[in-house]
Amino acid sequence: MQTWRHLFTVITPTYNRGHTLERVYLSLREQSFQDFEWVIVDDGSTDNTRTMVMAWQQEASFPIHYVWQKNQHKKTAFNRGVKKANGELVVAVDSDDSLDTNALYAMAGAWAGIPAGERSRFVAITGLCARPDGHVVGDMFPSDVFDATVLDMTFKYHIKGEKFGCLRTDVLLQFPFPEEIAGFVPESLVWRAIARAGYQTRFVNQVFRVYHDSGDSLSRQGRESQQHALGLWLLAHDTIVECLPWFRYQPQTFLMAAARYTRFALHLKHIDQPLPLDRSLRGLGSRVLVGLMWPVGALLYMRDRART
């Protein structure tokens, strides 16, 4: 049985974010719960990130581990951080965000609230995000403590908006982000795969993360890069192939996913990038959806081309 050195490992992938990374550091320094380490994975920064981190290592009351790698991608940096983790639970904090002062304390309490004999079927504690002005991002959960899979929360309960929490390190090691796929890979592909494996999440209506929308964040860079089409196509494929049992809850969502399947497939064809051979349409349902929504997807593609 795995023995963990800390309850939490906070992982921050970063790339030339020295001007915002201090926000993360200051929020960690102010945490009311201190049983954690901070793993910073530098994805090839050329700014003053290393110098800043070395200074923090000398003064911080918690361990700070700095890992540098050649520029690859946020998903690769995150995978590497998980492999370095000495905490039972991983908290992934972007390099331009911050945590509520009691975030780790509240997560620890929610995790302890799950009976020890039942924790093996849970993968995460997930709470809310708020903007700096205190407004909650997106929807609240159906109740203050609610157990469900990520798929049920997305499709059955229609909960929208940015959410945040911690996940079991041992499960993340079993479900790494696919590094063989170039460019941006939506995080929900991994969370959905974990849910389909049977893991539940405990959702709580508590704010954990203060969300700062930044135009040069790693996440936004991924979504807006020239390679974004493959990641968005993979998400559409996952929706219409792997998530069809939830179709009855949100038919319109699946119809639009089928349109995006065609839209981004055409973008990939335009740049001569082949579709992954291991991800074909399966079953009558996914084929019918794509055929029905093909004209819409083609129109969306033509609109994209006209705009660019």
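How many salt bridges does the structure hold? The structure, which is a predicted model, holds 16 salt bridges. The points below take up the domains, their contact, the charged pairs and the strands in turn.

1. **Domain layout.** The domain assignment divides the protein chain into domain 1, residues 6–218, and domain 2, residues 224–306. Between the C-alpha centres of domain 1 and domain 2 there is a distance of 28 Å. To the contact, domain 1 contributes 15 residues and domain 2 contributes 16 residues.

2. **Area of the interface.** The size of an interface is often expressed as the accessible area that is lost when the parts come together. For domain 1 and domain 2, the area buried between them is about 1,500 Å², and 64% of it lies on carbon and sulfur atoms. On the side of domain 1, three residues deserve attention: F155, F184 and R196 provide 35% of the area that domain 1 buries against domain 2, more than any other three residues.

3. **Charged and polar pairs at the interface.** Side chains of opposite charge can pair when their charged atoms come close. Two salt bridges are counted between domain 1 and domain 2. In the model, the side chains of R192 and D238 also form a salt bridge, with an N to O distance of 2.9 Å. Seven residue pairs are in polar contact across the interface of domain 1 and domain 2, with both residues at pLDDT 80 or more.

4. **Helices facing domain 2.** Helices α5 (150–156) and α7 (187–196) each supply at least two residues of the side of domain 1 that touches domain 2. The most is given by α5, with five residues.

5. **A salt bridge between two helices.** R29 and E59 form a salt bridge in which the closest N and O atoms are 3.8 Å apart. R29 belongs to helix α1 (residues 18–29) and E59 to helix α2 (residues 49–59), so that the pair, 30 residues apart, links distant parts of the chain.

6. **Strand pairing around β4.** Which strands are joined to β4 by bridges? Strand β1 (residues 6–14) runs parallel to strand β4 (residues 87–92), and five bridges join them. Strand β8 (residues 163–168) runs antiparallel to β4, with two bridges between them. V90 of β4 appears in both pairings: T9 stands opposite V90, and in β8 the bridge partner of V90 is L167.

7. **The annotated region.** An unreviewed UniProt entry carries the annotation "domain: Glycosyltransferase 2-like" for residues 9–112. Over residues 9–112, helix makes up 42% of the chain and strand 25%. The C-alpha atoms at the two ends of this stretch are 17 Å apart.

Notes:
Residues are numbered from 1 along each chain as its sequence is written. This is a predicted model: local features need pLDDT of at least 70, side-chain atom pairs count only at pLDDT 80 or more; totals for chains, interfaces and linings use all residues. Side-chain values use heavy atoms; hydrogens and water are left out. Two strands pair if DSSP finds at least two bridges between them. Helices (H or I, at least four residues) and strands (E, at least two) are DSSP runs, numbered from the N terminus. UniProt positions are given in the numbering used here, feature names are shortened, and annotations may be inferred rather than shown by experiment. Domain bounds come from an automatic or database domain assignment. Contact means heavy atoms within 4.5 Å. Buried area is the accessible area (1.4 Å probe) that two parts lose on being put together, summed over both. A salt bridge is a side-chain nitrogen of Lys or Arg within 4 Å of a carboxyl oxygen of Asp or Glu. A polar contact is a pair of N or O atoms within 3.5 Å; within protein, one must be able to donate a hydrogen and the other to accept it, and residues adjacent in sequence count only if both atoms are side-chain atoms.
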